[in-house]
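Here is a briefing on the structure shown below. Please read it with the coordinates open.

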2 protein chains.
Amino acid sequence: MTQKSSPTIDDVARLAAVSTATVSRCLNAPQKVSQKTLERVMGAVRDLGYTPNFAARAMAANRTRTIGAVIPTMENAIFARGLQAFQEALHLRGYTLLVASSAYDPTREAEQIRTLVGRGADGLLLIGHDRPDATYAYLSDRDVPALVSWAYDADGALSSVGFDNRAAMRGLANHMLELGHRRIAVISGHIAGNDRAAERVGGIRDAMMACGLDAGGLPVEECDYDIDAGAAACGRLLDCDPPPTLLMCGNDVLAVGALREAGRRGLRVPDDLSITGFDDIELARIVVPPLTTVHVPHRQMGGLAAETLIGMIETGTRPDPVKLDSSLRLRGSVRAVRP
Amino acid sequence: MTQKSSPTIDDVARLAAVSTATVSRCLNAPQKVSQKTLERVMGAVRDLGYTPNFAARAMAANRTRTIGAVIPTMENAIFARGLQAFQEALHLRGYTLLVASSAYDPTREAEQIRTLVGRGADGLLLIGHDRPDATYAYLSDRDVPALVSWAYDADGALSSVGFDNRAAMRGLANHMLELGHRRIAVISGHIAGNDRAAERVGGIRDAMMACGLDAGGLPVEECDYDIDAGAAACGRLLDCDPPPTLLMCGNDVLAVGALREAGRRGLRVPDDLSITGFDDIELARIVVPPLTTVHVPHRQMGGLAAETLIGMIETGTRPDPVKLDSSLRLRGSVRAVRP
DNA sequence: GCAGACAATGTAAGCGCTTGCATAAAGAGT
DNA sequence: ACTCTTTATGCAAGCGCTTACATTGTCTGC
């Protein structure tokens, strides 16, 4: 049914009156071929509308110039944006991106990794460090270069190009403590299997402890990373007595949910309740009031991750981990506590 | 460097003491193999951690159970959502999705189509009908099943599973005319090469003409599909004298941009200016005021497109086009004109 | 004019899988 | 007991490309 009549390299070779080897060289290493032959062959390629068969190429060359990425979800714009930058950088170097998502499930992640490797990915980009040993064993068995992003851990099984989630959230929490907030509650994504979520909550605790506060009593609601779940979690936290003056959320999506729930209850943000996010997606600037959040350097991270991973693939070396800087974005969703 | 030691079908065959043909059958047609052999082979597969090599498989079988989709952009959540549904439906049938984006550029779209076909896509999903004849010629040359979504045209070169953009926007425009709006302006995405954009503007003109209004004088600003461009276009239209009482936008993203610009200028929406969108993405319900818009049945469309395309691939028939219904979502961003 | 070096091209062996066909084994029917 | 099915398995030919190696042609420099 499919590709009834796609021209093959043999057709091109015949039409240009050369061997298939020469056609292959014209496509992959033109400098090895005489000008005259090159033109003739490229003419034949054009006339036939020839496109090399990817599978055959992958099989013969044992590389695909394809890189796989397994991200937790496409739903959150922050990953979409980061991948966009990653993809653009790959494209400049002649690589193609294959994306799969794991829905924050380690089992699915392992499956997706296998699929991508089976599809011939020359290297992999993964998010965060927290995954089963078996997955790491698989990667090292197969000798597949892999890089972690979105997190930074100098001692991880894989090298990383990311930022320090803990320090970033600590910075934000410090700022909030300076504004006088003491009744703090947290809405976090599920922490199991998600080091970014764990580190962010950890950063808040760090800041509280440095202030001499009891971080053990910090109310933390874990939920899925979507607006409705964020709203529900916000509701549960607001029902506490006394209610918090500040809600720190694991990402902007949860914060938007919290904002909505606060509005539904007639609370004014930031006068009655301050809310913070994390990621700095476009949404953070569009909601009313705009969200105070942590800006994640997604473009820089994507670009650098691409360069680094390509380096690993082409030179076979393990790179030094890179820690990028995040920064605070102070906007209207927070204010100081009334004295 | 890559896949130093991935086990092959030969390794499995040796370990299970059968031929490679039997291993292949265990994986692809288990009912053709005796229970005993099946178990032995599957055990070997598990022990070795064997994953079939995709490229080899594609080459030998000349099909990949992969479907390609070329969408205008990943940035707009409406495509992301629609693809999500498409992908889920494909997955149920054992197919995998490969996505590429064209940035609304017909040349890039043609490239991406070639790439996907070169990668062995068994079929393609494309958005809209407006593309060069050469692209259609390529597809029919190669006998690649392809389906159009997001638009409906009974006479298109390809069959479609979509909705009537013109009728949908006409419905919204009718409603706005009933509310008394007469000074209407439009913010549209670029119309060249984009039948959806063209049809939506056409739908507004239809409604106006049916009301006896001069559709020729309708101010239309074309711009890129992003928030900033929408805001800028909104600014240009508001500078007209007299300014419009209603801004109809080609999609929700543009409408959010318009909303922002109106706010920046101190105009109250909907009291001073009504604004409408199109698509009904999540954002439409989150902005203040929430957007009146047209709900696109993206989930239904994605699911049905998947079924239809798989049908085309597996039976080789050309299906009847399907027209789905869109519906209005009336929210706070519009109000009747003061008498 | 000729050895030596280099550039351009061809030859052919796979890469890891699927599948048509041949073969072998096991029942079924008479 | 013997043939005829039916079922399970093996054999081996590709699928369309890349690339190591062999071959041929073209200059250099002496």
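**Asp279(B)**

- In this predicted model, Asp279(B) touches Asn76(B), Ile78(B), Arg200(B), Asn251(B), Asp252(B), Thr293(B), Val294(B), His295(B) and Val296(B), leaving aside residues up to four places away in sequence. Contact means heavy atoms within 4.5 Å.
- Asp279(B) sits in the loop between strand E9 (274-276) and helix H12 (282-286) of chain B. Helices (H or I, at least four residues) and strands (E, at least two) are DSSP runs, numbered from the N terminus.
- The relative accessible area of Asp279(B) is 3%, so Asp279(B) is buried. Buried means under 20% relative accessible area, exposed over 50%, and partly exposed in between (1.4 Å probe, protein chains only).
- Val296(B) is 17 residues from Asp279(B) along the chain, and their C-alpha atoms are separated by 5.2 Å.

**Conventions**

- Residues are numbered from 1 along each chain as its sequence is written, while chains are lettered from A and ligands numbered from 1 in the order in which they are written.
- Local features of this predicted model need pLDDT of at least 70, side-chain atom pairs count only at pLDDT 80 or more, and totals for chains, interfaces and linings use all residues; side-chain values use heavy atoms, with hydrogens and water left out.

**Ser274(A) and Glu109(A)**

- Ser274(A) belongs to strand E9 (residues 274-276) of chain A.
- Ser274(A) counts as buried because its relative accessibility is 1%.
- The side chains of Ser274(A) and His181(A) make a polar contact (3.4 Å). A polar contact is a pair of N or O atoms within 3.5 Å; within protein, one must be able to donate a hydrogen and the other to accept it, and residues adjacent in sequence count only if both atoms are side-chain atoms.
- Beyond four places in sequence, Ser274(A) touches residues including Met176(A), His181(A), Thr245(A) and Arg335(A).
- Glu109(A) lies in helix H6 (residues 106-118) of chain A.
- With a relative accessible area of 7%, Glu109(A) is buried too.
- Glu109(A) touches Val70(A), Ser102(A), Leu126(A) and Arg131(A), again not counting residues up to four places away in sequence.

**Domains of chain A**

- Chain A is divided into domain 1 (1-40), domain 2 (66-163 + 298-325) and domain 3 (165-296). These bounds come from an automatic or database domain assignment.
- The C-alpha centres of domain 1 and domain 2 of chain A are 35 Å apart.

**DNA strand C**

- DNA strand C is surrounded by 23 residues, and the closest are Thr22(A), Thr37(A), Ile9(B), Ser24(B) and Tyr50(B). A residue is near a strand if one of its heavy atoms lies within 4 Å of it.
- Sugar or phosphate accounts for 56% of the strand C atoms within 4 Å of the protein, and bases for the rest.
- A polar backbone atom of Ser19(A) is 2.8 Å from a phosphate oxygen of DNA strand C.
- Polar side-chain atoms also lie by phosphate oxygens of strand C: Ser24(B) at 2.6 Å and Arg57(B) at 2.8 Å.
- H2 and H4 of chain A, together with H2 and H4 of chain B, give two or more residues each to the surface near DNA strand C.
- That surface has 12 nonpolar, 8 polar and 3 charged residues. Ala, Val, Leu, Ile, Met, Phe, Trp, Tyr, Cys and Pro count as nonpolar, Asp, Glu, Lys and Arg as charged, and the others, Gly among them, as polar.

**DNA strand D**

- Of the 22 residues around DNA strand D, the nearest are Ile9(A), Ser24(A), Tyr50(A), Thr22(B) and Thr37(B).
- Of the strand D atoms within 4 Å of the protein, 60% belong to sugar or phosphate and the rest to bases.
- An N or O atom in the side chain of Ser24(A) is 2.6 Å from a phosphate oxygen of DNA strand D.
- A polar backbone atom of Asn53(A) is 3.1 Å from a phosphate oxygen of DNA strand D.
- Arg25(B) reaches a base: a side-chain N or O atom is 2.8 Å from a base nitrogen of DNA strand D.
- H4(A) supplies the largest share of the surface near DNA strand D, 4 residues.
- The residues of that surface divide into 12 nonpolar, 8 polar and 2 charged.

**Symmetry**

- A turn of 180° and a shift of 0.0 Å along the axis lay chain B on chain A with an RMSD of 0.1 Å. That is the relation of a two-fold axis. Copies are superposed by least squares on the C-alpha atoms of residues with pLDDT of at least 70 in both.
- Ala55(B) comes closest to the rotation axis among the residues of chain B, at 2.2 Å (C-alpha). The same surface serves both copies, as 100% of the contact residues of chain B recur in chain A.
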